[in-house]
Amino acid sequence: MPYTNQAASLIDAVRAVGEQMIAANPVELAVGNIVRRVLHIIREEDLSSTTTAIEGLGLSDDDVDGDENEDHPALSAAVLAAAARSTLRAPSLQTLLEDIPVSAAAPPNSSSGGDSEGRSKSAEKSSRSRKLKHDVIEAMNELIQDIDTCHEQISEQAVEHIHQNEVILTLGRSRTVKEFLYAAKEKKRSFRVFVAEGAPRYQGHVLAKELVAKGLQTTVITDSAVFAMISRVNMVIVGAHAIMANGGVVAPVGINMVALAAQKHAVPFVVVAGSHKLCPLYPHNPEVLLNELKSPSDLLDFGEFSDCMDFGIQGGSPLLHVVNPTFDYIPPKLVSLFITDTGGHNPSYIYRLIADYYSADDLVVQGKSTS
């Protein structure tokens, strides 16, 4: 990266790679989330370095006497940070510093000291560049660690939500839900789990075996039996594919039906997911692909139904169509609580978390450039 506008160049490079990754699998919203988190890290570290460097030039309240404040008001750290944030889109650390008059940075010097001053500025730029690189890498390593340990952070909260002799219902198979239930079991909580099988892939069967292996009382039910069994349930706990900016949830198909049943019977509907699944986009955004269709072979045997799929009938159109969606969308009004690695949150609070994790300039990754 060049010394000038280094942060903007890095943002463009990350955005270019991120755009390719998102295009490769647009349904996996977590990919775009991580790209945006990395871009936010770069912007925040650049802003921090810029503020520190400007303060180091002597533009602080301590350097100006009270009598001089009226003629030359000093810039507070808050004002400097706000100014740097508003101009962060195009310039980076070096560009911002170069906009400061030389007289503000240092007193006039003789021509004999010009070369020395130039070399000093070049060394300072190189030092700031190395510091920015170090800070960005350190922050990214912390992000990686947060993602790796999100299941443990969520599981630690299980004992606060699952109580003795309760009945928990879930659908399909979610690793986050599984670890959450394991943690409650390890805390000597005695409870029963109803597992809806999650047709047509029947991942609930796999989860039921794993729970039984850990000594949990488990009952497998069909998806169509959820309404019949929900009155015996104390809490619904499910995982999420993505949590949208409005508090809505993209989850495996069938979970919206469970959420409706829970609302009908006033059963708490809890979603457990890592913070990297918080998506700063809304379901209506054009770049959001909420669903994909899986192969009809999950539902039907082609050999058995080959007669119904005769393309010679009705001008080449089959009489039988098979739709096999992967995901459901659950509106925020059906969600009681989100449990993430940062704690429990109401759906109305999701926008605050997103504001902490993402920059407004990075909501749309495709087709943008800061340089």
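Is Arg173 buried, exposed or partly exposed? At 40% relative accessibility, Arg173 counts as partly exposed; here buried means under 20% relative accessible area, exposed over 50%, and partly exposed in between, with a 1.4 Å probe and protein chains only. We will come back to Arg173 below, after a look at the whole chain.

## The model as a whole

This is a predicted model, in which local features need pLDDT of at least 70 and side-chain atom pairs count only at pLDDT 80 or more, while totals for chains, interfaces and linings use all residues. Residues are numbered from 1 along each chain as its sequence is written, and side-chain values use heavy atoms, with hydrogens and water left out.

The mean pLDDT of the chain is 83, and 76% of its residues reach 70 or more; pLDDT is the predictor's confidence in each residue, from 0 to 100. Over residues 64–108 the pLDDT is below 50, and this stretch has 66 contacts in the model beyond near neighbours in sequence. A contact means heavy atoms within 4.5 Å. Where pLDDT is low, the predicted coordinates should not be read in detail.

The chain holds 13 helices and ten strands, taken as DSSP runs numbered from the N terminus (helices are H or I with at least four residues, strands E with at least two). Of the 371 residues in the chain, 44% are buried. Among contacts with a separation of 6 or more, 80% are between residues 24 or more positions apart.

## Salt bridges

Side chains of opposite charge can pair when their charged atoms come close. A salt bridge here is a side-chain nitrogen of Lys or Arg within 4 Å of a carboxyl oxygen of Asp or Glu, and the count comes to nine. Here are some of them, with the distance between the closest N and O atoms.

| Acid | Base | Closest N and O atoms |
|---|---|---|
| Asp362 | Arg15 | 2.9 Å |
| Asp135 | Lys131 | 2.7 Å |
| Glu210 | Arg173 | 2.7 Å |

Asp362 lies in the segment after α13 (350–357) and Arg15 in helix α1 (residues 6–24), so the pair ties together parts that are 347 residues apart in sequence. Asp362 is buried, with a relative accessible area of 0%, and Arg15 is buried too, at 1%. Both belong to a network of salt bridges that links Asp12, Arg15, Arg43, Asp361 and Asp362.

Asp135 and Lys131 both sit in helix α6 (residues 114–148), four residues apart, or about one turn of the helix. Asp135 is buried at 14% relative accessibility, whereas Lys131 is partly exposed at 46%.

Glu210 forms a salt bridge with Arg173. Glu210 is in helix α10 (residues 203–213) and Arg173 in the loop between β1 and α9, so this pair ties together parts that are 37 residues apart in sequence.

## Pocket and cavities

Rolling a probe the size of a water molecule over the atoms shows where empty space is left. On a 1 Å grid over the protein atoms alone, a cavity is a set of points where a 1.4 Å probe fits but cannot get out, and a pocket is an open set with protein on both sides within 12 Å along at least five of seven lines; lining residues have an atom within 4 Å of a point. Grid points are joined across faces, edges and corners, and a volume is the space filled by probe spheres set on the points.

The largest pocket holds about 660 Å³ of space. It is lined by 31 residues, and the closest to its centre are Arg173, Ser174, His241, Pro252 and Phe327.

Two cavities of 30 Å³ or more turn up in a search of the whole structure, and the largest cavity has about 100 Å³ of space. Ten residues line the largest cavity, with Ile22, Leu29, Arg36, Leu281 and Glu287 closest to its centre. Helix α2 (residues 29–56) gives the largest share of that lining, three residues.

## Arg37 and some backbone details

Arg37 is found in helix α2 and is buried at 10% relative accessibility. Leaving aside neighbours within four places in sequence, Arg37 is in contact with Leu143, Ser275, His276, Tyr357 and Tyr358.

The peptide bond from Ala199 to Pro200 is cis, with omega near 5°. Pro200 is placed in the loop between β2 (192–196) and α10. Tyr202 lies in the loop between β2 and α10 and has a positive phi of about 55° although it is not a glycine.
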